[in-house]
Amino acid sequence: MPFREGPLGDLKVPLTWTAAVALIVAIVIAVAFLLADRRETLQQQAYGVTRQTVDTVSKPVSGVIAAPGRWTGLGVDFISSYFFTASENRRLKAELKEMRGYRDMYLAEVDKNQSYRSLLGLRTDPPIPMAGARVVADTRGPFANTRLADAGSEKGVVVGNPVMNERGLVGRVVGVARGASRVLLLTDIASRTPVMIDRTNARAILTGDGGPNPKLDYLRGVDPIKEGDRVVTSGDGGVVPRGLPVGAAVKGLDGRWRVVLFADDAAIDYVRILLFKDFAQLADQKALLTRSLPPVTTEDPDVSILGPAATAPKPAAQAGATPTAPGATPTAPTAAANPAVAPPKPAATAPPPAAASAPRPTAAKPTTPKPTTPKPTTPRPTAAQPAGGEI
Amino acid sequence: MGGARPLHPGLWLGVPALLCVLATIVFAAPIRIYGLQLPEPVFAMVPAFAWALIRPSILAPFALLALGLFLDVFWGGPTGLWGLSLLVAYATALAGRSMMTGQSRPMMWAWFAGVTAVAMASGFLFSMLDSLAMPSLLAVFWQFLVTTLLFPFAHRLIDRFEDADVRFR
């Protein structure tokens, strides 16, 4: 029986009311979406398949749309460089002259730095691998500041990787699909980055608010910052490596300290994704899992924290070390460690021939103290090895 | 007789929604000219305002919801933020529909600015609740300003379809 011939055939529902009901249903669905959203957790699971699919589809489409703009930019650059060649040449020459001075200073500082590292036994972080990517879409609204880069899981990109351009930190990866990754910019309202003021080492949290200059929250210390201070990542929490350049401090119109991002000075279409997950990846996992534990003894092998019973089976290796240990221990390791690092240094630091004669006595030094004691063969050098074992 | 036919949803809902999606993708291009980036207007505000004025509809809220979800996913914002904000703006326009129809063009522009302000205020409030942080008022105002400039498109859409369905004359 057709509906119109039924008992409800004469029932007429006003369109305004049905539209209002549809509107309410749509609002309820939108609220449910908003409540279920876990974007602020910045986890891969929270990113979801829908977003991954949209990113994968958007990449080629946005890439095609962005291409004319990119070509136009390149064309404008080419034409302006043609017309301003002379002035640019003058500027570059002046800059080169200034940079030569900096280069000499840099080389001297690098050399000094290497010496200090060797002496102090500093362990520096190994270089972090990177993946280059091109930005194909850029979002700049007050509620979302992200970019879509054209490198994804196939290049080893994972959620949490920091992203830089040639000037400074841009943000970090919050979603990865095949061939595309979503970068949350430092200016996004959900972005929080641990930073420090380079001059004073004062810590702060860089908080985005949708504007071009993120805020410095939780700034600690007495007079920790002044206008123009350089802000770098602190590495606290282990999510971002320490020392990445972020920007310069400025006082905002609202009286709060903000940061003018270095990354804004560079072109926005190319970025480098640091394949850095956390500090655990920098450590040698095999070395951490090793089962051979060091002997449980104090400086004086006669006195063990395990008591006399435990010291008894120590025998052979320790026996040779006991006579010399009490008096000579503080000086002997440094004497043993220094020659170990000394030989490479003269070669790097001593270009003049006069200096070449200087290392000779130092090189001869290890041979003289050795005969006196058989100390270097004792467990002592193993304790000294990390000190000299710089990377 | 042509005017007596009901209006096909694809014409007044589908085509404008598709154009909004395209315009959003185009304006997301990473272009910077002399250090300045492209503005980012909310193109979906055009149908959110115009659809409410053309006629009350069951499909329009769902089309707006879909548009809002697309904006959230494409822009990388919280899911549901723009869907909800656009629906609040649509509800405001629908409620004031009888006051708006027949007004002069500058007056309609003012109404459009008002409805856009409602959408932006909703977005501000919802993102504040979602992220537990306050978005920059300057950035919100800038987006409001560039979105308000889209009124001519909304006016064109209203003009084109307001009288298209004789049942709503």
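These are my notebook entries on a predicted model with a chain A and a chain B.

**Entry 1: confidence**

I began with how far to trust the model. The predictor gives the complex an ipTM of 0.87 and a pTM of 0.71. For chain B, I found an average pLDDT of 88, with 92% of the residues scoring at least 70. For chain A, the mean pLDDT is 74, and 65% of its residues reach 70 or more.

I then looked up a weak stretch in chain A. Over residues 309-391 of chain A, pLDDT stays under 50. The model still has 64 contacts beyond four places in sequence for residues 309-391 of chain A. I leave those contacts alone, because predicted coordinates should not be read in detail where pLDDT is low.

**Entry 2: the build of chain B**

Next I went through chain B. I noted eight helices and two strands in chain B. Reading along the sequence of chain B, I get the pattern α-β-β-α-α-α-α-α-α-α.

Is chain B as compact as a globule of 169 residues would be, or more spread out? Its radius of gyration is 16 Å, which agrees with the value near 15 Å for a compact globule with 169 residues. Along its principal axes, the C-alpha trace of chain B spans about 55 × 30 × 30 Å.

I also checked burial, and 50% of the 169 residues of chain B count as buried. Of the contacts in chain B between residues at least 6 apart in sequence, 72% join residues at least 24 apart.

**Entry 3: the nonpolar core**

Which residues touch the most other members of the largest nonpolar core? I wrote down B:Ala48, B:Phe49, B:Leu86, B:Leu87 and B:Tyr90, in a core of 107 residues. Helix H4 (residues 81-95) of chain B gives the most to this core, with 11 residues.

I picked B:Leu86 for a second look. Leaving aside neighbours within four places in sequence, B:Leu86 is in contact with B:Ala44, B:Ala48, B:Leu64, B:Leu67, B:Gly68 and B:Ala119. One of these partners, B:Ala48, is also on the list of residues that touch the most other core members.

**Entry 4: where the chains meet**

Last, I turned to the interface. How many residues of each chain are in contact with the other chain? I have 44 residues of chain A against 44 residues of chain B. On the chain A side, helix H1 (15-36), helix H2 (44-83) and strand S1 (130-138) are the elements that give two or more residues. The largest share of that side, 13 residues, comes from H1(A). By class, the side of chain A that touches chain B has 23 nonpolar, 12 polar and nine charged residues.

Definitions and conventions
Residues are numbered from 1 along each chain as its sequence is written. Chains are lettered from A and ligands numbered from 1 in the order in which they are written. This is a predicted model: local features need pLDDT of at least 70, side-chain atom pairs count only at pLDDT 80 or more; totals for chains, interfaces and linings use all residues. Two residues are in contact if their C-beta atoms, placed from the backbone, lie within 7 Å. Helices (H or I, at least four residues) and strands (E, at least two) are DSSP runs, numbered from the N terminus. Ala, Val, Leu, Ile, Met, Phe, Trp, Tyr, Cys and Pro count as nonpolar, Asp, Glu, Lys and Arg as charged, and the others, Gly among them, as polar. A nonpolar core is a set of buried Ala, Val, Leu, Ile, Met, Phe, Trp, Tyr and Cys residues joined through C-beta atoms within 7 Å. A residue is buried if 20 or more other C-beta atoms lie within 10 Å of its own, exposed if 12 or fewer, and partly exposed in between; C-beta atoms are placed from the backbone. pLDDT is the predictor's confidence in each residue, from 0 to 100. The radius of gyration is taken over C-alpha atoms; the globule rule is 2.2 Å times the number of residues to the power 0.38.
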